[in-house]
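User: Hey, could you walk me through this protein model? I'm new to this, so short questions and clear answers would be great.

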Amino acid sequence: MQIGINTDGLATLDIDTMLDTVRDLGIEYVEFSTGNWSTAPHIDLDELLRSESARAQLTEKLESRGLKLDAFNCSGNPLHPGPEGKEHKEVTKKTIELAEMFGINRLVLMSGCPGAPGDSWPNWITVAWPPYTADILKYQWEDVLLPYWTETVGYAERHGVDQLAFEMHGHQNVYSPATLLRLREACGPTVGANFDPSHLIWMGCDVLDSVAQLKGAIHHVHAKDTRLEKKNLGRNTVLETASFADPENRSWNFVTMGYGMDETFWSAFFVALRRAEFDGVLSIEHEDMLIDPIEALEKTVSLIKRTGFLKPSNYAATVARFFGADVDVESLV
């Protein structure tokens with residue numbers, strides 16, 4: 001695995017200062033946001049699409065610091081029934097085209113969430129009652145989500161983008177391993193997970209089991225933690241609507257890794273990722289309201305280095321040497 005960063009966490013820094021900081025922290029990969037729910041603080045999607053010199057300049061900025069481009073992130077809601085949906089579709093399409101220009105095969109994004117028929121706003125269905133919720137969900141998946149993503153997956157594949165890493169997130173149709181796998185079954189292996197444990201923590205998942213459920217289907221990982229605020233859970237439940245800018249009154253908060261789940265959890269998390277055949281980029285996503293971003297990144301990099309696996313396993317070679325090349329390695333695990 002390798003350490004990366006979603007650069008939105010350093011949005012207050014200009015691109016050169018940000019990249020210098022990333023390099024000095026020992027981070028190897030960068031994930032740039034291109035728009036939609038991000039202000040895209042470090043790159044201009046349209047300028048990069050139209051200007052070869054702008055693309056060359058960005059490449060030089062990375063290479064001169066020994067950094068590599070990990071992915072583009074265009075998380076948004078392309079299924080929004082209002083004008084926002086059309087805008088987010090356009091940014092998603094452009095981001096696919098930009099990825100091809102940079103030779104990048106991976107996008108990080110979200111599935112989106114439509115409304116019910118005739119709605120002006122998205123409608124996230126999370127319960128099975130009243131009975132009409134089933135009708136809304138059927139409409140969302142069969143009439144809106146699957147047609148859009150089937151078409152978009154095909155467009156991505158034609159542009160050399162064969163990893164669409166969907167973040168399982170609240171207020172999205174894809175918010176769990178089961179819904180991620182449903183989309184993957186319909187659209188093929190280009191669909192995979194951007195596994196961000198922070199969302200699954202507050203939704204009550206057994207995160208390690210969720211990793212196992214997605215064996216072979218994890219394209220990317222966001223390194224981010226959540227702290228459950230027990231003093232507020234009894235009053236609010238985990239269905240929290242208080243502002244992220246009001247962490248004192250929320251039932252859960254996004255935090256720097258290690259300040260929600262303990263180090264034992266993160267060690268087990270990285271073991272689970274290895275067993276699930278993930279050996280990609282751990283992209284740090286800083287959204288902790290209580291700590292300086294650079295201090296948070298220092299702490300996160302340190303934790304990952306202590307608990308993660310940053311080199312590939314040579315187990316198969318060891319088995320072959322001592323037991324013979326024909327031994328089924330999986331049978332020994």
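Here are some questions and answers about helices, loops and single residues.

User: Before we start, is this model predicted or experimental?

Analyst: Keep in mind as you look around that nothing here comes straight from an experiment: the model is predicted.

User: Okay, helix α3 then. How many residues does α3 have, and how far does it reach from its first C-alpha to its last?

Analyst: Helix α3 covers residues 52-63, which is 12 residues. At 1.5 Å a residue you'd expect a reach of 16 Å, and the model is close to that. From first C-alpha to last, α3 reaches 16 Å.

User: Which residues of α3 are buried, and what do they line?

Analyst: The buried ones in α3 are Ala54, Arg55, Leu58, Lys61 and Leu62. Looking down the axis of α3, you'd find these buried residues within an arc of 120 degrees, so what they line is one face of the helix.

User: And which exposed residues sit on the face of α3 turned away from the buried side?

Analyst: Exposed here means over 50% relative accessible area. On the face of α3 turned away from its buried side, the residues that count as exposed are Glu52, Ser53 and Glu63.

User: What do the buried residues of α3 pack against?

Analyst: Both helices and strands turn up in the answer. The strands are β2 (29-33) and β3 (68-73). The helices that the buried residues of α3 pack against are α1 (15-24), α2 (45-50) and α4 (83-102).

User: Let's try α1. Which residues of α1 are buried, and how wide an arc do they cover?

Analyst: In α1, the buried residues are Ile15, Met18, Leu19, Thr21 and Val22. They sit on the same side of α1, because the arc they cover around the axis is only 160 degrees.

User: What do those buried residues of α1 pack against?

Analyst: Two strands, β1 and β2, are among the partners. On the helix side, the buried residues of α1 pack against α3 and α11.

User: Now Asn6. Is Asn6 buried or exposed?

Analyst: Asn6 belongs to strand β1 (residues 2-6). Buried means under 20% relative accessible area. Asn6 has 2% relative accessibility, so it counts as buried.

User: How far apart in space are Asn6 and Ala71?

Analyst: Along the sequence, Asn6 and Ala71 are 65 residues apart. In space, C-alpha to C-alpha, the separation is 9.0 Å.

User: Which residues is Asn6 in contact with, leaving aside neighbours within four places in sequence?

Analyst: Set those neighbours aside and you can follow the contacts along the chain. Asn6 is in contact with Glu31, Ser33 and Asn73. The other contacts of Asn6 are His222, Ser283, Ile284 and Glu285.

User: Which residues does a cis peptide bond join?

Analyst: Omega is about 5 degrees at this bond. Pro130, one of the pair, is in the loop between β4 (106-109) and α5 (132-158). The cis peptide bond joins Trp129 and Pro130.

User: What is the phi of Glu277?

Analyst: Look in the loop between α10 (263-275) and β10 to find Glu277. With 55% relative accessibility, Glu277 counts as exposed. Glu277 is not a glycine, yet its phi is positive, at about 70 degrees.

User: Last one: which residues make the nonpolar surface patch?

Analyst: The patch has an area of about 340 Å². One of its residues, Met289, is in the loop between β10 (281-284) and α11 (293-307). The residues that make the patch are Phe244, Met289 and Leu290.

Conventions: Residues are numbered from 1 along each chain as its sequence is written. This is a predicted model: local features need pLDDT of at least 70, side-chain atom pairs count only at pLDDT 80 or more; totals for chains, interfaces and linings use all residues. Side-chain values use heavy atoms; hydrogens and water are left out. Helices (H or I, at least four residues) and strands (E, at least two) are DSSP runs, numbered from the N terminus. The expected span of a helix is 1.5 Å times one less than its number of residues. Buried means under 20% relative accessible area, exposed over 50%, partly exposed in between (1.4 Å probe, protein chains only). The arc is that of the directions from the helix axis to the C-beta atoms. Contact means heavy atoms within 4.5 Å. Patches are made of residues with over 30% relative accessible area and no salt bridge: like charges are joined within 9 Å, nonpolar side chains (Val, Leu, Ile, Met, Phe, Trp, Tyr) within 5 Å. Accessible areas come from the Shrake-Rupley method with a 1.4 Å probe; for residues, only the protein chains shown count as cover. A salt bridge is a side-chain nitrogen of Lys or Arg within 4 Å of a carboxyl oxygen of Asp or Glu.
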